[in-house]
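Open your viewer, get the sequence panel ready, and follow along from stop to stop. Each stop tells you what to select and what you will find there.

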Amino acid sequence: MRHVWVKAPPTAHAFYATLERDFRERERERERERIRVCGPHLITLKSKWLSSLHIHFTTAHLLKGYSQIFFFFGRQSINTEPKICLPKKGFAFQEPSFYKKKNLKVEIFMMIVPKGFSVFLFLDFVFIFVVVVESRFSVGVPVKDSDVWGSSLEEDTSTRFNKLEVRFNAPAKHWTDALPIGNGRLGAMVWGGVANDTINLNEDTLWTGTPGEYSGAGAITALSEVRKLVDNGLYAEATSAALNLSGEPSNVYQLLGDIKLEFSDSHAAYIEETYRRVLDLDTATVKMQYSADKIEYTREYFASKPDQAIVIKLSTNETSSLNFTVSLDSKLHHHSYVNTKNQILLEGSCPGRRIPPQVYGNENPAKRSPFYSEDENPKGIQFSSVLDLQISDGACELHVVDGRKLQVTGCDWAVIRLTASSSFDGPFTNPVDSKRDPGLESLNAMESAKGYSYTDLYARHVNDYQELFHRVSLQLSRSSNSSAQNEVEVITTAQRVTLFKTYEDPSMVELLFQYGRYLLIACSRPGTQPSNLQGIWNKDIEPAWDGAPHLNINLQMNYWPSLSCNLKECQEPLFDYISSLSINGNKTAKVNYGANGWVAHQVSDIWAKTSPDRGQAVWALWQMGGAWLCTHLWDHYTYTIDKEFLRNKAYPLMEGCASFLLDWLIEGRGEYLETNPSTSPEHMFTAPDGKLASVSNSSTMDMQIARELFNDIVSAAEELGRSDTDLIARVRKAQARLYPTRIAKDGSIMEWAQDFDDSDTHHRHLSHLFGLFPGHTINIEETPDLCKAAEYTLYKRGEEGPGWSTTWKAALWARLHNSEHAYRMVKHIFDLVDPEHESDFEGGLYANLFTAHPPFQIDANFGFSAAIAEMLVQSTLKDLYLLPALPRDKWANGCVKGIKARGGVSVSVCWSEGDLYEFALWSSSNNGDIFKRLHYRGITAVANISSGNVYTFDKQLKCLRISALLL
């Protein structure tokens with residue numbers, strides 16, 4: 001719709017204020033009827049009288065099927081009836097009702113409009129008040145990539161049993177039954193208890209510790225000794241000597257606390273059949289409902305990014321029947337109290353030193369040996385949280401209990417707002433030196449959030465979230481000839497996971513795909529910390545593996561879907577983090593290795609730790625973490641073609657990392673450069689003398705990452721006109737001397753420079769296949785022999801493994817265009833994990849769809865979304881592969897819309913009965929024409945894509961039509 005924003009007559013403004021109050025009342029009534037309102041918008045016209053207004057409803061405004069549009073026509077002349085000219089078919093009208101305020105008459109028309117039609121209104125009104133009901137978008141919202149193009153094959157998902165929802169019919173018994181919400185910085189887990197409810201809280205900057213030195217005195221001497229042992233073939237001895245290169249452990253991700261809700265005993269006798277707890281991915285909202293004593297209770301929870309608050313609304317269908325007590329608590333050192341504004345304040349601190357890891361001592365923390373003097377007790381990160389309670393008018397009462405709780409009696413509804421902040425002021429500022437005041441920041445954030453009504457907070461939250469989430473849609477279904485059900489009727493999500501082995505419901509794949517996108521939006525936004533091992537959700541003082549970012553697969557996998565799944569903004573925290581790593585990593589490179597540039601090892605934390613971890617070389621000694629992260633920088637450029645990003649952010653970081661690699665690579669035997677010492681992450685081999693070892697030289701992953709980064713920086717230099725620098729000249733010389741990826745005597749990819757015996761054939765890591773995925777140096781077009789060897793390597797590794805290994809295998813099989821095995825790994829993840837017997841499982845899903853190692857690690861949630869995208873669309877800067885690993889017998893029909901391809905191209909694809917039906921390509925960048933070689937089942941064509949146009953192609957890759965891109 002084109003808006004003409006001008007000053008309205010004073011009478012129109014006065015009437016609008018009155019009308020809005022009436023509308024809000026009607027809105028509250030509709031809420032109980034489960035009608036969602038996305039609006040309103042006031043359009044004021046140029047003059048007192050207007051002859052006509054042309055409104056065109058595109059797919060931007062009416063996404064799927066039909067939407068209801070309410071028009072409020074306000075005019076000063078009450079004698080003339082409006083003339084509405086519409087096509088005869090496809091429109092339904094409700095008889096107008098009337099408001100009469102002062103000298104203005106308002107007529108309310110409700111009509112149902114099919115998308116794509118035009119509406120002509122001939123009228124003489126002062127203003128029009130437009131409300132869109134049950135539409136995915138408010139009028140005037142920019143077009144999302146998933147709505148740019150439509151196909152006749154798309155189905156109307158509004159009638160589906162199972163929408164994008166994670167459902168429970170009982171309160172949570174375990175943490176992995178709770179439902180996650182988050183705004184990137186603040187996270188919460190909703191347990192949904194009836195008589196007592198707990199909402200676990202997290203804030204992404206709460207960590208133990210203080211900034212570290214991240215370098216080791218004497219490391220260069222130890223390095224020389226290890227290298228000599230490797231050169232002499234004494235690999236087990238080199239592995240032992242490498243302990244002298246290890247450092248201190250990372251710090252530990254902490255929790256914030258809990259919101260505790262207590263209700264009367266009558267709630268414990270609720271009617272179990274009425275209980276529902278649902279996470280709606282479409283709105284990023286948890287809704288809980290149940291009945292007790294003939295009263296219906298509802299709770300709604302969401303985490304607002306625009307208002308930096310967690311918001312909870314409690315309501316009933318009976319007046320004055322809401323009674324509860326609320327408090328804040330934490331496992332960390334804290335103090336909570338009610339202030340003079342009847343707000344609960346929680347103030348606390350994180351430990352300035354971490355508890356020693358369990359792996360190095362007794363399971364009892366008190367008995368573990370510390371690495372620091374007992375009288376050392378530095379000040380840690382301080383934090384504060386504010387809980388504000390808004391209650392309905394009337395007989396409702398609010399009381400303070402024990403000076404730290406708030407008790408509500410006789411209310412219709414209540415709204416809880418929670419804000420939180422910490423003293424963390426970046427990885428280089430010691431908490432004792434921080435100038436931030438978390439208490440004041442939390443109170444200021446609360447004052448801002450209180451400036452909006454619950455309805456406005458919710459609308460702002462949904463609009464912000466959907467701007468990201470609605471960019472991509474996915475529909476999958478079986479063949480129309482299949483006798484199997486495409487969907488199982490509405491049941492809990494846990495039951496659907498269990499039934500997947502039998503029914504293989506395609507809509508569950510859609511749900512888990514979109515759930516990964518939801519979680520990334522919820523835990524990684526511009527300005528936040530990067531997603532850690534658990535995203536932002538954690539209930540423990542000592543989470544598994546410290547909740548720390550692990551740089552040998554896990555942190556990288558967290559961001560695999562950010563580009564292909566159209567969430568590029570969610571990558572920004574990763575790039576900020578890489579910048580911090582480069583600063584500390586420069587010291588580590590210089591002191592530990594006598595090298596230029598910067599380095600990062602296997603595990604890090606909020607303080608941007610770059611030195612080796614403490615412990616065995618098999619996990620602690622790995623110098624390629626920073627280099628792998630730098631490949632994400634180039635990937636971001638290839639998807640966005642953002643030269644400013646490449647020039648100002650990416651290239652300097654890549655340059656520093658390449659400088660380190662050039663110094664780290666040393667002369668080896670023959671003509672090759674080598675890395676020494678070298679490990680293949682977390683994996684051992686059997687040396688020729690029969691001893692187990694992990695340290696050798698030039699592991700395949702080292703070489704593949706170095707090759708990938710060198711290729712990337714050479715390409716980046718060409719883009720920026722810097723190909724003639726000394727650094728690029730050195731890189732080009734080194735490229736030709738890197739150990740090639742080799743094939744072992746059994747036909748698999750060699751994991752180490754020598755063909756050692758593998759100590760664990762079914763090991764969880766697939767490090768030596770980095771070049772296939774996420775790298776690009778092994779591919780079907782250019783290295784068919786290596787692809788064949790990679791296929792055999794995957795057979796050898798087997799299908800078992802933790803969740804992240806399963807989804808990595810799915811992506812690897814997809815890159816090999818092997819749909820059968822890619823789908824087998826997709827199916828493999830649908831294994832319901834029993835939290836009480838986690839050790840019996842490898843991989844799988846918890847009831848809330850968190851992925852399991854076990855225990856919970858979030859990386860596989862993201863890896864799953866990335867793998868599905870790879871099965872449907874693959875790309876390079878020059879090539880685009882359509883449905884390269886589509887399991888045609890499982891997902892015979894479907895559409896994916898708004899997916900991203902390299903070169904700044906958006907892609908929407910639909911297929912029918914296992915065969916491509918049609919697809920669209922477009923680009924909104926201003927980088928000139930884009931040439932793409934299109935590939936589908938042996939057919940190849942070249943497309944020239946001009947910015948601002950949408951190109952529709954058929955299954956023969958012939959362009960059917962070109963239309964303008966409406967943004």
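Start by selecting Asn697: at 8% relative accessibility this residue counts as buried, because buried means under 20% relative accessible area, exposed over 50%, and partly exposed in between (1.4 Å probe, protein chains only). Before moving on, please note that this is a predicted model, in which local features need pLDDT of at least 70 and side-chain atom pairs count only at pLDDT 80 or more, while totals for chains, interfaces and linings use all residues. Residues are numbered from 1 along each chain as its sequence is written, and side-chain values use heavy atoms, with hydrogens and water left out.

**Stop 1: around Asn697**

Asn697 sits in the loop between strand 29 (692-693) and helix 14 (700-720). Helices (H or I, at least four residues) and strands (E, at least two) are DSSP runs, numbered from the N terminus. Now show side chains: those of Asn697 and Glu674 are joined by a polar contact of 3.1 Å, and the side chain of Asn697 also makes a polar contact with the side chain of Ser698 (3.4 Å). A polar contact here is a pair of N or O atoms within 3.5 Å; within protein, one must be able to donate a hydrogen and the other to accept it, and residues adjacent in sequence count only if both atoms are side-chain atoms. Leaving aside neighbours within four places in sequence, the residues in contact with Asn697 are Val230, Glu674, Thr675, Asn676, Ser678, Tyr739 and Ala753. Contact means heavy atoms within 4.5 Å.

**Stop 2: around His550**

Next, select His550, in the loop between helix 7 and helix 8. Is His550 buried or exposed? At 11% relative accessibility, His550 counts as buried. A polar atom of the His550 side chain lies 2.8 Å from the backbone oxygen of Ala548. Add Asn532 to the selection: this residue is 18 residues from His550 along the chain, and the two C-alpha atoms are separated by 8.1 Å. Not counting residues up to four places away in sequence, His550 touches Leu533, Trp545, Leu555, Gln556, Gln602 and Val603.

**Stop 3: salt bridges**

How many salt bridges does the structure hold? There are 37, a salt bridge being a side-chain nitrogen of Lys or Arg within 4 Å of a carboxyl oxygen of Asp or Glu. Select Asp145 and Lys900, a salt bridge whose closest N and O atoms are 3.3 Å apart. Asp145 lies in the loop between strand 8 (127-133) and strand 9 (165-168) and Lys900 in strand 33 (residues 893-901), so this pair ties together parts that are 755 residues apart in sequence. Both Asp145 and Lys900 are buried.

Move to Arg525 and Asp464, another salt bridge, with the closest N and O atoms 2.9 Å apart. This pair links distant parts of the chain, 61 residues apart: Arg525 is in the loop between helix 7 (506-523) and helix 8 (554-558), and Asp464 is in helix 5 (residues 454-469). Arg525 counts as buried at 6% relative accessibility, whereas Asp464 counts as partly exposed at 23%.

Then pick Lys796 and Asp746, whose salt bridge has its closest N and O atoms 2.8 Å apart. Lys796 is in helix 16 (residues 784-797) and Asp746 in the loop between helix 15 (726-735) and strand 30 (757-758), 50 residues apart. Lys796 counts as partly exposed at 24% relative accessibility, and Asp746 counts as partly exposed at 35%. To finish this stop, select Lys341, Asp388, Glu447 and Lys450, which are joined into one network by salt bridges that share partners.

**Stop 4: rings**

Now display the aromatic side chains, where the count comes to 37 aromatic pairs. Phe302 and Tyr458 form an edge-to-face pair, 5.6 Å centre to centre with 65° between the planes. Rings of Phe, Tyr and Trp (its six-membered ring) pair if their centres lie within 6.5 Å; planes under 30 degrees apart count as stacked, over 60 as edge-to-face and the rest as tilted. Phe302 is in strand 16 (residues 295-304) and Tyr458 in helix 5, 156 residues apart. At 0% relative accessibility, Phe302 counts as buried.

For a last cluster, select Trp560, Trp622, Trp628, Phe770, Phe773 and Trp808, which are linked by ring pairs.
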